[in-house]
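This report covers the confidence of a chain, one residue in a strand, and a nonpolar core. Please have the sequence and the structure open while reading.

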Amino acid sequence: MSDLSNKKLRRVNTFYDTGELQFVYYLDENNQIQGEYTWYEVTGEVREITQFKDNKQHGVHKSFYTNKEGQLYQTGKYNHGKKIGVWTTYKPNGEIYNENTYGTDGYDINSVFSITRKNETSEDKIDYGYGF
């Protein structure tokens, strides 16, 4: 967020019809979303935290299971609105369910799934043939 330090940001809170906090985000003088964008469940639990730059997802993204007291569901990074690098999805018990790797163009270039059957774990790598 260091490149946002010189920008004057205005905090915006939006609410569910029932009055509970739903979203918290920051707008610059041009009404562009900048910095942290947080989505809350009606219960008050954080559902998702994503970084924004100039109205596009840019930086770290984390989403959480509902009713699991902060248990991670998915982590990854955005670059100007496109997924990049490794995105990891977790099972409710915290084990990795799958990992997708995205190129700089936002396309999934390979995926690894961890599948558990009858106390056995196997990993299947899916190569989509993009040549990376």
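## Confidence and core

Over residues 115-132 pLDDT (the predictor's confidence in each residue, from 0 to 100) stays under 50, and the model has 29 contacts (heavy atoms within 4.5 Å) for this stretch beyond four places in sequence. Where pLDDT is low, the predicted coordinates should not be read in detail. This is a predicted model, in which local features need pLDDT of at least 70 and side-chain atom pairs count only at pLDDT 80 or more, while totals for chains, interfaces and linings use all residues. Residues are numbered from 1 along each chain as its sequence is written, and side-chain values use heavy atoms, with hydrogens and water left out.

The chain has an average pLDDT of 83, and 77% of its residues score at least 70. The table gives the strands (DSSP runs of at least two residues, numbered from the N terminus) with the lowest and highest confidence.

| Strand | Residues | Mean pLDDT |
|---|---|---|
| E10 (lowest) | 120-127 | 44 |
| E1 (highest) | 10-15 | 98 |

The largest nonpolar core (buried Ala, Val, Leu, Ile, Met, Phe, Trp, Tyr and Cys residues joined through side-chain atoms within 4.5 Å) has 7 residues: Val12, Phe23, Tyr25, Leu27, Ile33, Tyr37 and Phe52. Strand E2 (residues 21-27) supplies the largest share of this core, 3 residues. Beyond four places in sequence, Phe23 is in contact with residues including Val12, Tyr37 and Thr38.

Thr38 lies in strand E3 (residues 35-40). Thr38 has a relative accessible area of 5%, so it counts as buried (under 20%).

Methods. Helix = DSSP H or I, 4+ residues; strand = E, 2+ residues; numbered from the N terminus. Buried < 20%, exposed > 50% of the residue type's maximum accessible area, 1.4 Å probe, protein only.
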